[in-house]
Amino acid sequence: MTVADTVAPLVRAVLGTQVPVGIRCWDGSRSGPPDAPWQVHLVNRRGLRRLLWAPNDLGFARAYVSGDIDIEGDLLAGLDALEEVADPSRGPGVRIDGQTKKALVTAALRLGIVGLPPKPPAEEMKLARGRRHDKARDAAAISHHYDVGNDFYRLVLGESMTYSCAYWAEPGGDLDAAQYAKCDLVARKLGLTAGMRVLDVGCGWGTFALHAARHYGVHVVGVTLSHEQADYAAKRMVDAGVGELVQIRVQDYRDVADGPYDAISSIGMAEHVGDAMLATYAADLFALLRPQGRLLNHAISRRPRESADTFSSTSFIDRYVFPDGEIEPMAPMIDALEGAGFEVRDVESLREHYALTLRAWVANLEANWDEAVAASSAGRARVWRLYMAGAALAFSANRLGINQILAVRSTERGDSGMPGTRDELLRAHT
């Protein structure tokens, strides 16, 4: 009996017969439809052993990231088809009953995959002990995700070097144009005018800071915990001729003490703050703003019905992508902002825009696969491919959202200084 003959009945028992997936095994045997949108290549026994020890998303991620299992073909289409069957609300659901477990054990013995758990791939991270979201632990988590090579990020993100949801103002536009459109949307909501002083929290590689300085003539202080981001951003400002307008710091937002600022942008940073620190985050930013100063908080949220387990310490996301990341529903963020004294004035969802952005990043990575592997590692490239494809589907399915929350620090008398209409709010005042 071939390996495929042994594995195929288990796949059918767990997922049913509706999954259009082909299986190619280490002995050369195959099963499943030859025209399936994706093929799972069981490279060796170790891949199945990883699944045996962790029969969940973490076990699958370990097998894929290590190269013990490969995924060939249209990953997005394959994952979507798998979700449709595995989710009981959309299909028959995954079934692992007593009979299936018995068959799994029998197959494991026959295939010779029983043994000690393999060592996790080098790309897996488990943060050292310490209080969650203290400054040192946050710095380690940020370094794990962002300090993996600027060349790698350029291949994935494109020339804009923007790692947050783009704004596809023009249907069919390109990724870089959509990212700069997002920067301009933020600038207009903040009401930027020449001479203003702006704090960019979690400034990344400096795209928003550069756009705001170049097109609106503002002075920007950008802070990040990533040394690689800071070095890249600082050089970028000099090369672009706005070095006198932009200062880039390696600094925790909790250590910024040189307010007041006229406006604050926080784009794709609040996901790292943590639920327990939201009140501190909101209070610190409120204290740094002048009266009538505005905050634009651009952050991912999960639907209230979705479990936070996706970001637990034993999940693929926590171990490989965002250590200590916490995605909360939008309501706790608004509650924290209002609790700190902010007045929330505008909320806009960009959920579909993020699905498009992630698909563009996946396309970039796949088109530049060899270069991306050379710039980082095969495991790192695999992490990103799996994470971004899964995230694109999560945004499309409304399991995750992305929202821009505009808040203002009104005066003690309640004067916000805000325009009277949303049309005027979105009008540039250069």
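**Exercise 1. Place His353 in this predicted model: which helix holds it, and is it buried or exposed?**

*Solution.* Start with the secondary structure: His353 belongs to helix α14, which spans residues 351-367. Next, take its relative accessibility, which is 18%. The cut-off for buried is under 20%, so His353 counts as buried. Finally, list its contacts, leaving aside residues up to four places away in sequence: His353 touches Cys165, Ala166, Tyr167 and Trp168.

**Exercise 2. Work out the strand order of the open sheet of 7 strands, and find which strands stand at the edges.**

*Solution.* Walk across the sheet and you will read β7-β6-β5-β8-β9-β11-β10, with mixed pairing. The edges are β7 (246-250) and β10 (343-349); each has a single partner strand, so one side of each is left without a neighbour in the sheet. On average, neighbouring strands here are turned by 15° against each other, direction ignored.

Now zoom in on one pair. Strand β9 (residues 289-302) and strand β11 (residues 400-408) are antiparallel partners over 9 bridges. Within this part of the sheet, Arg294 stands opposite Val408 in β11.

**Exercise 3. Which strands do helices α11 and α14 lie across?**

*Solution.* Take α11 (residues 278-288) to begin with: this helix lies across β5 (197-201), β8 (261-267) and β9, and runs at about 150° to β9. Then turn to α14, the helix of His353. Helix α14 lies across β9, β10 and β11, running at about 125° to β11.

**Exercise 4. Describe how α7 packs with α14, and say which residues meet.**

*Solution.* Two values set the geometry: α7 (residues 150-157) and α14 pack at an angle of about 120°, and their axes are 7 Å apart. That angle makes α7 oblique to α14. On the α7 side are Phe152, Leu155, Val156 and Leu157, which meet Trp361, Asn364 and Leu365 in α14. Sorted by class, this contact has 6 nonpolar residues, 1 polar and no charged.

**Exercise 5. Do likewise for α3 and α16: at what angle do their axes cross, and what is the handedness of the crossing?**

*Solution.* The axes of α3 (residues 57-66) and α16 (residues 378-396) come within 8 Å and cross at roughly 135°. By that angle, α3 is oblique to α16. The crossing is right-handed. Helix α3 contributes Phe60, Ala61, Tyr64 and Val65 to the contact, while α16 brings Gly379, Arg382, Val383, Arg385 and Leu386. The class tally for this contact is 6 nonpolar, 1 polar and 2 charged residues.

Technical notes: Residues numbered from 1 in each chain as written. Predicted model: local features only at pLDDT ≥ 70, side-chain atom pairs only at ≥ 80, totals over all residues. Heavy atoms only, no water. Helix = DSSP H or I, 4+ residues; strand = E, 2+ residues; numbered from the N terminus. Buried < 20%, exposed > 50% of the residue type's maximum accessible area, 1.4 Å probe, protein only. Contact = heavy atoms within 4.5 Å. Pairing = 2+ DSSP bridges. Axes fitted to C-alpha atoms, helices over the stretch in contact; angles between N-to-C directions. Parallel < 35°, antiparallel > 145°, perpendicular 65-115°, else oblique. Left-handed = near helix turned anticlockwise from the far one by under 90°. Nonpolar A, V, L, I, M, F, W, Y, C, P; charged D, E, K, R; others polar.
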